[in-house]
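I opened my notebook to record, step by step, what I looked up in this structure, starting with a term I would need for the helices.

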Amino acid sequence: EIPNPPLPLANGGIKLVNDPAHPFIAAGPNDIRGPCPALNTLASHGYLPRNGVARPDQIVSAVMEGLNLGNDFAKFLAYQAFLMNGNPLTNLMSIGMKTPLTGPDPPKPALVGGLSQHGTFEGDTSMTRVDAFFGDQAVFNEDLFQKFIATSAKFGFNGTYDINAAAELRNDRLQDSIKTNPQLVFTSPRIISAYSEAVFPTIFFVDGRLNNRQLTIDAARYFFDFQMMPADFHRQPAPVNFTMVDPLTKAIFDKHPFSPGVNHGKNNFVLQPQTPPLADFCGIYEDIVLRVIPGQYPRPTGVLRQAINKNLGFFFGAVHAEHNCTQVFPFGRD
Ligand code: HEM
Ligand code: MG
């Protein structure tokens, strides 16, 4: 049975989350970590199973409890990722590389690749991970982190990673990949995560008692590199939903607007006007549901179809709450 998504937190206020009940334990050799600094950190503190294999509802609970994501926003991220990278038959997903721990796969072309699977949720121009063309797209990269520090020093208030630093770094990473990565893909759905993930650290990695949207390099080092909450870390003072994140995402986009495209060889960025732009949230929702997911599940039947439809419903529930999209049904209604 597939559990329903968790409800919003009963007590969504500020609290100490690096607490004695959630001690940091570094990942062991059999524990999986991946491209998301937040989920890696939550696994290392036991908000997620420490081995890095989790159900989508566990991911929703972990990001609500540990970082105070709003319920809708948490469901949007978790079910989107699960549909692209999880195993609908066992309801398990790896937060990093593909693993037999998620159980027997549905028939190909299903990937069940985990969050590290390139070209799904994971994509190019990440801030602290290299593009898959150049190497391991999931692992923290010190050279890129140095660029994160330098950009914060140049554009951020007092050298912090703030919204101005985020806008410049995001653009810089895109321009860099346009110049150097012959296989760059920068279209839906990657464009939406690229911009929201540039904003997230200015919100969720800042101690909720300060909550000034200025992430110190020290705290950034903890989350991105050590996969650890700073000592005494408190989560956001209230649940953070689309209403908080969307204007910040739009602000960094407006500083350096772009159109979706792909490289045909280095420095040859070809626009893809038929794909939805960042501003078309419902277009991206439809692109995920009608193109990306059927790419892995062209004609699901039986329990597989039922499970995917259930997760599509959970995903739409999150989208619907704050964006007025119309639900689409790639595999028919139940
Ligand atoms: C990156 C998944 C929540 C912060 C990523 C990536 C994935 C992912 C697949 C890799 C994308 C890429 O850079 O190519 C998820 C899922 C979540 C979640 C399924 C479920 C709720 C969060 C939260 C934060 C966060 C709550 C809060 C700070 C980030 C950041 C990156 C990232 C900053 C970019 C890393 C970089 O560019 O170097 N996430 N994430 N994520 N995630 Fe998460
Ligand atoms: Mg990436």
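I first noted that two residues are in contact if their C-beta atoms, placed from the backbone, lie within 7 Å. The model is predicted, and local features need pLDDT of at least 70, side-chain atom pairs count only at pLDDT 80 or more, while totals for chains, interfaces and linings use all residues. Residues are numbered from 1 along each chain as its sequence is written, and chains are lettered from A and ligands numbered from 1 in the order in which they are written.

**Entry 1: two helices.** I looked up H6 and H8 (helices are DSSP runs of H or I with at least four residues, numbered from the N terminus), and found that Tyr195, Ser196, Ala198 and Val199 in H6 meet Val245, Leu248, Thr249, Ile252 and Phe253 in H8. The residues of this contact between H6 and H8 divide into 7 nonpolar, 2 polar and no charged, where Ala, Val, Leu, Ile, Met, Phe, Trp, Tyr, Cys and Pro count as nonpolar, Asp, Glu, Lys and Arg as charged, and the others, Gly among them, as polar.

**Entry 2: the ligand.** I then asked which residues come nearest to ligand 1. Among the 27 residues around ligand 1 (C-beta atom, placed from the backbone, within 6 Å), they are Cys36, Ala38, Ala81, Ser126 and Thr128. H6 gives the most to this shell, with 5 residues, and by class the shell has 20 nonpolar, 4 polar and 3 charged residues. Domain 1 (32-120 + 281-334) and domain 2 (123-279), with bounds from an automatic or database domain assignment, both give residues to the shell, so ligand 1 lies between them.
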